[in-house]
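Got your viewer open? Let's take a walk through this model together, one selection at a time.

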Amino acid sequence: MGLALTVAMAVAYAAFAHLASATHDDRYAYAALLALVAMMLAAGLVARRAWAWVALPLALGACHLLYASGHAGLPLLLVPVAFVAAIAWLFARSLWSPHGALITRIVAALDGSTPATLAPDLLAYSRGLTAAWALVLGVLGLANLVLAMVAEPGGLLSSLGLRAPLTITREQWSLFANILNYGLVGGFFLVEFAYRKRRFPGRYSSFAAFLRQMAGLGPAFWRDFLR
């Protein structure tokens, strides 16, 4: 239930955030912030974690204060930057982990082995792919930051009283940050999978079968994956 609620709130956040930028209506920005809080705390609330229930009223109060002060839309500029940068950091950090790079660990789990016993070509490819994801997501996070700085009205620079030499509209920023971000990530995933099928013939029968394999790793694997 926690995962389903998290996914639902993520979709709601993206929709409200885009509406807020397209209409310049802070009510949508307020709704996006509330969806963001629900998305971040959903798993903890469902599991009845004390920290989640303590954080909930504090987060809701902060959202209301931002809305009441007319700044509900400002945090929305930084959410895509923080989200993408955090995932990029997780990929990059894992390259030095004694447990193996993130994708190396997935490949090993799919094969029922460990990173230490993977075939050398799989080990090298999975480490390289982990580094590639870190780079792609890092560049995407930087692009999000630059666009958030030059968005008008209410971008990061204009909020500081500075004028950017080049500007984009808030709607254009939102189109990239809340929609195209996911398309670019999905596109890279599909292109890489197509290459991987050619690089390791016979290893994958289809993309759907690969997704079933991933799902088959079970909730315990994914719950402990980033710990």
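A nonpolar core, for our purposes, is a set of buried Ala, Val, Leu, Ile, Met, Phe, Trp, Tyr and Cys residues joined through side-chain atoms within 4.5 Å. Keep that in mind for later, and remember that what you're looking at is a predicted model.

**Stop 1: the whole chain.** Show everything as a cartoon. You'll find ten helices and two strands, and walking along the sequence gives the order α-α-α-α-α-α-β-α-β-α-α-α. The C-alpha atoms fit a box of roughly 55 × 45 × 30 Å along the principal axes. Of the 227 residues, 36% count as buried. Now switch on the surface: its accessible area is about 12800 Å², and carbon and sulfur atoms make up 72% of that.

**Stop 2: the charges.** Colour the 16 positive and 8 negative charges in two colours. The mean positions of these two sets sit 9 Å apart.

**Stop 3: the largest nonpolar core.** Which residues of this core touch the most other members? Select Y13, L76 and W173: they hold that place in a core of 28 residues. Next, colour the helices that feed it: α1 (2-23), α2 (26-46), α3 (50-68), α4 (74-94), α6, α7 (156-159) and α8 (170-199) each give at least two residues. The largest share comes from α2, with eight residues. In soluble globular proteins, nonpolar side chains tend to be buried together.

**Stop 4: W173.** Zoom in on W173 and show what surrounds this residue. Beyond its neighbours within four places in sequence, W173 is in contact with S21, L76, L77, P80, N144, L147, A148, A151, I168 and N178. Notice that L76, which you selected a moment ago, is among them.

**Stop 5: another core.** Apart from the largest core lies another one, of 18 residues. To find it, select F91, I103, L129 and A134, which are among its members.

**Stop 6: L145.** Go to helix α6 (residues 120-150) and pick out L145. Is L145 buried, exposed or partly exposed? Its relative accessibility is 30%, so L145 counts as partly exposed, because that class runs between the 20% and 50% cut-offs. Leaving out neighbours within four places in sequence, L145 is in contact with V81 and L156. Try a distance too: the C-alpha atoms of L145 and A82 are 9.0 Å apart, though 63 residues separate them along the chain.

**Last stop: zoom back out.** Which share of the contacts with a separation of 6 or more joins residues 24 or more positions apart? For this chain, the share is 62%.

Technical notes
Residues are numbered from 1 along each chain as its sequence is written. This is a predicted model: local features need pLDDT of at least 70, side-chain atom pairs count only at pLDDT 80 or more; totals for chains, interfaces and linings use all residues. Side-chain values use heavy atoms; hydrogens and water are left out. Helices (H or I, at least four residues) and strands (E, at least two) are DSSP runs, numbered from the N terminus. Buried means under 20% relative accessible area, exposed over 50%, partly exposed in between (1.4 Å probe, protein chains only). Contact means heavy atoms within 4.5 Å. Accessible areas come from the Shrake-Rupley method with a 1.4 Å probe; for residues, only the protein chains shown count as cover. Lys and Arg count as positive and Asp and Glu as negative; His and the chain ends are not counted. The place of a charge is taken as NZ of Lys, CZ of Arg, CG of Asp or CD of Glu.
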